[in-house]
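Work through the exercises below with the sequence and the structure at hand. Each task is followed by its solution.

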Amino acid sequence: MIFTHDTEHALAVVVDLINTSAAASGAEELGGLPGLREFVDRNAFSDVGELTPADLDRVLQLRGRFHAVFRSGDVPSAVRRINEIVGEVRTTPHLTDHDGYHWHVHFFAPGAPLGEHLAADCGMALAYVVAAGELDRLRTCEAPDCSRVLVDLSRNRCRRYCDSRTCGNRMHVAAYRARQRESAPS
């Protein structure tokens, strides 16, 4: 584990959020409150009540800003973007041990709206990545027809595809077939 459990969970949430956009996955997955509720349930958020159109608007706005962090070409740009995101929320760091997880830090106030929850926890997770000198772990899938993002948490930084079962497998099969064509007698 490179980062703490709560940081890695927040990074997975950021990736899932960005990958719900039409720009990343080809179809908008957060087109309404039912899509947002599915996102919240899929990512096992704690302490999220009834969702509102304002929550959806804020989450969609944050999604674009988080995506900009992944596309930052350098550390100063990423730092500026992350500082803007976390600087807009009232962070109230506190230790918690909910839902069977050991003690970990939440950066949002209990009962905070979903947008504040995401901006604080996910923004701080991205800040930890940058502070650790690991910005290059925030990537876009290398498959030519995929725009999904990923966080490479492998020890040797070798993850290239958003999903090894789809993009990774497809690219490996294509490379194998190309090698077979090249080595086939004419």
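The exercises cover model confidence, one helix, two pockets and one aromatic pair.

The model is predicted: local features need pLDDT of at least 70, side-chain atom pairs count only at pLDDT 80 or more, and totals for chains, interfaces and linings use all residues. Residues are numbered from 1 along each chain as its sequence is written, and side-chain values use heavy atoms, with hydrogens and water left out.

**Exercise 1.** State the average pLDDT of the protein, and find the elements with the lowest and highest mean pLDDT.

*Solution.* pLDDT is the predictor's confidence in each residue, from 0 to 100. Its average over the protein is 86, and 89% of the residues score at least 70. Elements are DSSP runs numbered from the N terminus: helices (H or I, at least four residues) and strands (E, at least two). Helix H7 (residues 164-183) has the lowest mean, 59, and helix H5 (residues 75-87) the highest, 97.

**Exercise 2.** Check the length of H6 against its expected span, and decide how far H6 is covered.

*Solution.* The expected span is 1.5 Å times one less than the number of residues. For the 18 residues of H6 this gives 26 Å; the end C-alpha atoms are 25 Å apart, so the two agree. Next, take buried as under 20% relative accessible area, exposed as over 50% and partly exposed as in between (1.4 Å probe, protein chains only). By that rule 14 of the 18 residues of H6 are buried. Just after H6, Gly133 has a positive phi of about 75°.

**Exercise 3.** Describe the largest pocket by volume, central residues and lining.

*Solution.* On a 1 Å grid over the protein atoms alone, a pocket is an open set of points where a 1.4 Å probe fits, with protein on both sides within 12 Å along at least five of seven lines; lining residues have an atom within 4 Å of a point. The volume, the space filled by probe spheres set on the points, is about 300 Å³. Of its 24 lining residues, Asp6, His9, His104, His106 and Asp121 are the closest to the centre. H6 gives the largest share, seven residues. The lining divides into twelve nonpolar (Ala, Val, Leu, Ile, Met, Phe, Trp, Tyr, Cys, Pro), three charged (Asp, Glu, Lys, Arg) and nine polar (the others, Gly among them).

**Exercise 4.** Find the aromatic pair and classify its geometry.

*Solution.* Rings of Phe, Tyr and Trp (its six-membered ring) pair if their centres lie within 6.5 Å; planes under 30 degrees apart are stacked, over 60 edge-to-face, and the rest tilted. The whole structure holds one such pair. Phe39 and Phe45 lie 5.7 Å centre to centre with 50° between the planes, a tilted pair. Phe39 has 0% relative accessibility and therefore counts as buried; Phe45, at 15%, also counts as buried.
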